[in-house]
Amino acid sequence: MRTRTLTLAAAAAGTALIAAAALPAGAAPVQAPEGAVAASDLLAEMTSCSQISNGKYSLDVGAPATVPVCGMNGAVFWKADMDIDCDGQVTIECNKRTDPWFQDQTAFHQSDGRPLNSAHLPYIVVPGPSGIWNYTGSGIRGGSVAAVIHGDQVQYAVVGDTGPTKIIGEASYAAARALGINPDPATGGAASGVTYIVFTNSRVSPIEDQEATASLGEALAEQFLEDN
């Protein structure tokens, strides 16, 4: 739930933000779970876009609006960058000292009523409802399952937070780390090359159950390939 500036894009010009070597000290990447569905299988279905959003989103504040939300059977997707959402519970990785944009809340909460733990739970951020697109109208809600693709890796995650109404492309610290993307909320992220697929009318409960997310995500991805 933050408003980004063009800091990430500027930093990308001089540093390799997505290199695993750029991870903060002590933050070993968590490998995305291996499954029957490969990143290439999913990406092969998304070579064109049937736009369902009324307009397009920007990657950062002040950037041109170039990213549509696209619809397919059983899912929506977009191709963007990845800013790091470190909001929610205060942890060693995510707090006001490490994250200039830190907020101690997330739009959706875990089963005990507390905000989500960005450092532990892989989740993605969807734009807040607007005239461009209202995610709820596409059968998406907190806990909906997503497949996040970067390079040849697929990481299953949940919809865990909402962001600015005109910007797209954000995921939790844990999601970035699992994909080998620098998760540092101030300097990390990926400037491009991230695909977000959200499976419509899906939900993991409790939202923090990562095993259920991985299992359901794999099943939904297989169904997605069958239906498209």
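This report describes the predicted model of one protein chain, from its overall make-up to a few selected residues.

## Overall make-up

The chain contains 4 helices and 9 strands, and, read from the N terminus, these elements follow the order α-α-β-β-β-β-β-β-β-β-α-β-α. Of its 228 residues, 52% count as buried, while the accessible surface of the chain amounts to about 9500 Å², with 52% of that surface belonging to carbon and sulfur atoms.

Among the contacts in the chain with a separation of 6 or more, 77% are accounted for by residues that stand 24 or more positions apart.

## Helix 4 and its surroundings

Helix 4 comprises the 18 residues 210-227, for which a rise of 1.5 Å a residue gives an expected span of 26 Å; the C-alpha atoms at its ends are 25 Å apart, and the two values therefore agree. The buried residues of this helix are Thr 213, Gly 217, Glu 218, Ala 221 and Phe 224. Because these residues cover an arc of only 130° around the axis, they lie on the same side of helix 4.

The cover over the buried residues of helix 4 includes helix 2 (39-43) and several strands, namely strand 3 (70-72), strand 4, strand 6 (145-150), strand 7 (153-163) and strand 9 (190-199). On the other side of helix 4, by contrast, Glu 211, Ser 215 and Glu 226 are exposed. The N-terminal end of helix 4 is capped by Asp 209, a side-chain oxygen of which lies 3.2 Å from the backbone nitrogen of Glu 211.

## The loop between strands 4 and 5

Trp 101 is located in the loop that runs between strand 4 (75-85) and strand 5 (123-127). With a relative accessibility of 21%, Trp 101 counts as partly exposed, since the limit for a buried residue is under 20%. The C-alpha atom of Trp 101 is separated by 8.3 Å from that of Ala 186, although the two residues are 85 residues apart along the chain.

Thr 91 also has its place in the loop between strand 4 and strand 5, but at 15% relative accessibility Thr 91 counts as buried. Once its neighbours within four places in sequence are left aside, Thr 91 is in contact with Asn 117 and Ala 119, and its C-alpha atom is separated by 9.3 Å from that of His 120, which is 29 residues away along the chain. The side chain of Thr 91 is, in addition, joined to the side chain of Glu 93 by a polar contact of 3.3 Å.

## Charged residues

The structure holds 1 salt bridge, and this salt bridge is formed by Arg 114 and Asp 112, whose closest N and O atoms are 3.0 Å apart. Both partners count as partly exposed, Arg 114 at 44% relative accessibility and Asp 112 at 47%.

Asp 161, which has its place in strand 7, counts as buried, with a relative accessibility of 0%. The side chain of Asp 161 reaches the backbone nitrogen of Ala 107 at 2.9 Å.

Technical notes:
Residues are numbered from 1 along each chain as its sequence is written. This is a predicted model: local features need pLDDT of at least 70, side-chain atom pairs count only at pLDDT 80 or more; totals for chains, interfaces and linings use all residues. Side-chain values use heavy atoms; hydrogens and water are left out. A salt bridge is a side-chain nitrogen of Lys or Arg within 4 Å of a carboxyl oxygen of Asp or Glu. Buried means under 20% relative accessible area, exposed over 50%, partly exposed in between (1.4 Å probe, protein chains only). Helices (H or I, at least four residues) and strands (E, at least two) are DSSP runs, numbered from the N terminus. Contact means heavy atoms within 4.5 Å. Accessible areas come from the Shrake-Rupley method with a 1.4 Å probe; for residues, only the protein chains shown count as cover. The expected span of a helix is 1.5 Å times one less than its number of residues. The arc is that of the directions from the helix axis to the C-beta atoms. A polar contact is a pair of N or O atoms within 3.5 Å; within protein, one must be able to donate a hydrogen and the other to accept it, and residues adjacent in sequence count only if both atoms are side-chain atoms.
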